[in-house]
Every structure is written in structure tokens, then in C-alpha cells.
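Visitor: Could you take me through one part of this model closely, the stretch that UniProt annotates, and then show me how the rest of the chain compares in its contacts?

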Amino acid sequence: MNSRRDIRGSNSRAALFDGIEEGGIRATSYSSHEIDEHDNDRAMEGLQDRVNILKRLTGDIHEEVEGHNRMLDRMGNDMDTSRGILSGTVDRFKTVFETKSSRRMATLVASFVALFLLVYYLTK
């Protein structure tokens, strides 16, 4: 372990002394390189945090979309069921109106209108 430290220490000393001999140019570039690496590391950590947040956000969006798709599928099935029931009811009304005389139809329509108006005035 000491041998690694000695090698690294001697390399650092050599770099420092070389920089001093050359007027401090290498020492300045070495420390700015170190600062740049530190800034890059901080920026990478910040980006990694942002990526993790985006990953969670897209996961939440995916779950929300899946939930909405399930709800829309159920609603579509309910609409199909309602359409079938309404179609059957319309067919029954057609058969009733086709077989009855015009006098009975007029009486039936008048009754529905009177009932509607009565309910309208009672709710007001």
C-alpha cells in the first residue's frame, strides 16, 4: 500500500515541480483539470437524479394511461350494452305504433305530453 502511495506521491510531486519549473503552467492546468472533473462528476450526479425522476414520472404516466384505457374499454362495453337495450326498446315502440290506429297513437302521445308537463310543473 505504501508503494502505491509513494509512486502516486512522487508522480504528484514531479507534476508540481515540473509546473513550477515551467512557470506554473502545468500546475494550473492540473488543478483546473481536477476542478473540471469535479464539476463533471457533480453534473453527472445531477443528470442521474433527473433521469431517475423522469423514469419514475414516465412510469406514473404509463400507469395512468393504462388505467384510463381500462376505464374507456369498460365505458365502451357499457355503451354497446346500452345501445342494444335502446335498440330493443325502439323496435318495441315501432311495433306498437305500427299496429295501433292513429286515434290511439294520438291519445298515447297526448298522455305522454301531459305527464311530462305535470312532472315539469311539480319539480319547479
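**A close look at the annotated stretch**

Guide: Happy to! UniProt, in an unreviewed entry, lists residues 105-123 as "transmembrane region". Keep in mind as we go that this is a predicted model.

Let's begin with the backbone. Residues 105-123 are 100% helix and 0% strand, and the C-alpha atoms at the two ends of the stretch lie 27 Å apart. Val109, one of the residues here, belongs to helix H3, which covers residues 102-123. For the setting, the chain has 3 helices and 0 strands, so that reading from the N terminus gives the order α-α-α.

Now to the side chains. A nonpolar patch on the surface is formed by Met105, Val109, Val113, Phe116, Leu117, Tyr120 and Tyr121, and together these residues have about 690 Å² of accessible area. Patch members need over 30% relative accessible area. Val109 passes that cut-off because its relative accessibility is 42%, which counts as partly exposed. Tyr120 qualifies as well, being partly exposed with a relative accessible area of 40%. Tyr121 is exposed, and its relative accessible area is 59%.

Those two tyrosines deserve another look. Searching the whole structure turns up 1 aromatic pair. The partners are Tyr120 and Tyr121, with ring centres 5.6 Å apart and planes at 70 degrees to each other, an edge-to-face arrangement. Why edge-to-face rather than stacked or tilted? The label applies because planes over 60 degrees apart count as edge-to-face. Both tyrosines are also in the nonpolar patch described above.

How does that surface fit with the chain as a whole? Of the 124 residues, 2% count as buried. The chain exposes about 11,600 Å², and carbon and sulfur atoms supply 60% of that area.

For the charged contacts, we move to helix H2, which spans residues 25-99. In general, side chains of opposite charge can pair when their charged atoms come close. The whole structure holds 2 salt bridges. In one of them, Arg42 pairs with Asp39, and their closest N and O atoms are 2.5 Å apart. Both residues lie in helix H2, 3 residues apart, which is about one turn of the helix. Asp39 is partly exposed, at a relative accessible area of 34%.

Another salt bridge links Arg83 with Asp80, where the closest N and O atoms are 3.1 Å apart. Here too the spacing along helix H2 is 3 residues, so about one helical turn separates Arg83 from Asp80. Arg83 counts as exposed at 54% relative accessibility, while Asp80 is partly exposed with a relative accessible area of 45%.

To put the picture back together: the stretch listed by UniProt as "transmembrane region" is 100% helix, and the nonpolar patch runs over residues including Met105, Val113 and Tyr121. The salt bridges of Arg42 with Asp39 and of Arg83 with Asp80 are found in helix H2.

Terms used
Residues are numbered from 1 along each chain as its sequence is written. This is a predicted model: local features need pLDDT of at least 70, side-chain atom pairs count only at pLDDT 80 or more; totals for chains, interfaces and linings use all residues. Side-chain values use heavy atoms; hydrogens and water are left out. UniProt positions are given in the numbering used here, feature names are shortened, and annotations may be inferred rather than shown by experiment. Helices (H or I, at least four residues) and strands (E, at least two) are DSSP runs, numbered from the N terminus. Buried means under 20% relative accessible area, exposed over 50%, partly exposed in between (1.4 Å probe, protein chains only). Accessible areas come from the Shrake-Rupley method with a 1.4 Å probe; for residues, only the protein chains shown count as cover. Rings of Phe, Tyr and Trp (its six-membered ring) pair if their centres lie within 6.5 Å; planes under 30 degrees apart count as stacked, over 60 as edge-to-face and the rest as tilted. Patches are made of residues with over 30% relative accessible area and no salt bridge: like charges are joined within 9 Å, nonpolar side chains (Val, Leu, Ile, Met, Phe, Trp, Tyr) within 5 Å. A salt bridge is a side-chain nitrogen of Lys or Arg within 4 Å of a carboxyl oxygen of Asp or Glu.
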